[in-house]
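I opened this notebook to record what I looked up on salt bridges and backbone angles. The entries follow the order of my searches.

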Amino acid sequence: MPNDPSEMTRTGGDGPSAVFAKLAEMVYNGDDFAQVYQAICDAAATLVPGCAHASLMLKENDRHVTVAASDDIAAQVDALERAEQEGPCLDAIENDAPQVESELARSTQWPRLARRAIAETPVRGAAGFRLMIRGRKVGALNLFSDNPGEFTDKSIDQAILITAFAAVTLTALHEHQEAQTLREGLASNREIGKAIGLLMAFHDISEGRAFDLLRKTSQDMNIKLTGVAREVITHHNSKFD
């Protein structure tokens with residue numbers, strides 16, 4: 001299987017459906033957010049007609065952070081948006097409608113960004129599409145063209161579809177990681193509980209005293225509490241093997 005969505009489209013994949021299948025596989029395999037972010041940008045730059053560069057910008061408190069980009073040019077335009085405090089991404093995060101300017105040279109929406117993008121990059125068209133996760137406005141998918149007028153209705157429709165895929169994928173990834181964290185937490189709590197029980201039984205001490213003993217050992221040895229609990233259980237089991 002190809003390693004990324006853009007490679008799939010070049011080797012005979014079924015376009016967006018193949019990309020979505022790949023993104024779903026990444027969630028199932030437990031890939032991290034950085035890998036999924038990058039796959040989304042690569043897919044957008046490959047699948048959306050007229051798109052030469054793509055980025056994903058997320059809102060973190062009062063900051064806007066580019067978490068992935070198909071190339072340096074996309075990341076550069078994002079940086080210009082932040083510097084000028086205007087552009088398709090910043091507007092898309094706050095507005096439901098796609099933010100599209102197919103000819104930056106004629107832009108009245110983002111004049112400062114347009115001037116700098118034209119002077120400093122090959123970008124001549126820009127668009128932003130809001131990313132919603134669990135009902136929250138978390139960021140935007142940003143697309144850039146190198147020629148004016150390349151973003152058409154078909155481009156916008158395809159970008160909306162990719163953004164929807166991205167939202168579903170990232171929601172699933174959040175839920176997958178939360179479930180994994182919960183499983184690890186439950187396993188850790190079971191180990192700590194078992195270790196406390198063994199210390200209480202073999203040293204005839206209270207539950208509080210057993211926990212304090214585990215915690216002090218953890219601090220003295222600079223080992224996580226779960227690690228100390230695991231050692232207590234292993235030592236106990238080895239005595240009875």
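Before reading any accessibility, I fixed the terms: buried means under 20% relative accessible area, exposed means over 50%, and partly exposed lies in between. The model is a predicted one.

**Entry 1: salt bridges.** I searched the whole structure and obtained nine salt bridges. I then looked up individual pairs.

**Entry 2: Lys-137 and Glu-94.** I found the side chains of Lys-137 and Glu-94 joined in a salt bridge, with an N to O distance of 3.4 Å. Lys-137 belongs to strand 5 (residues 136–145) and Glu-94 to helix 5 (residues 88–94), so this pair ties together parts that are 43 residues apart in sequence. I asked whether Glu-94 is buried or exposed, or in between. Its relative accessibility is 38%, so Glu-94 counts as partly exposed. Lys-137, at 37%, is partly exposed.

**Entry 3: Glu-84 and Arg-116.** I next recorded a salt bridge between Glu-84 and Arg-116, whose closest N and O atoms are 3.1 Å apart. Glu-84 is in helix 4 (residues 72–84) and Arg-116 is in helix 6 (residues 111–120), so the contact ties together parts 32 residues apart in sequence. Glu-84 has a relative accessibility of 18% and therefore counts as buried. For Arg-116 I noted 29%, which makes this residue partly exposed.

**Entry 4: Arg-116 and Glu-120.** I followed Arg-116 to a salt bridge with Glu-120, where the closest N and O atoms are 2.9 Å apart. Both residues lie in helix 6, four residues apart, which is about one turn of the helix. Glu-120 is partly exposed, with a relative accessible area of 38%.

**Entry 5: the network.** Which residues are linked with Arg-116 in a network of salt bridges? I listed Glu-84, Glu-86, Arg-112 and Glu-120 alongside Arg-116.

**Entry 6: positive phi.** I turned to the backbone. Most residues other than glycine have a negative phi. Asn-61, which is not a glycine, has a positive phi of about 60°. I located Asn-61 in the loop between strand 1 (53–60) and strand 2 (63–69). Asn-61 counts as exposed, at 73% relative accessibility.

**Entry 7: Gln-85.** I noted a positive phi of about 60° for Gln-85, again not a glycine. Where is Gln-85 placed? I found Gln-85 in the loop between helix 4 and helix 5. Its relative accessible area is 55%, so I entered Gln-85 as exposed.

Definitions and conventions
Residues are numbered from 1 along each chain as its sequence is written. This is a predicted model: local features need pLDDT of at least 70, side-chain atom pairs count only at pLDDT 80 or more; totals for chains, interfaces and linings use all residues. Side-chain values use heavy atoms; hydrogens and water are left out. A salt bridge is a side-chain nitrogen of Lys or Arg within 4 Å of a carboxyl oxygen of Asp or Glu. Helices (H or I, at least four residues) and strands (E, at least two) are DSSP runs, numbered from the N terminus. Buried means under 20% relative accessible area, exposed over 50%, partly exposed in between (1.4 Å probe, protein chains only).
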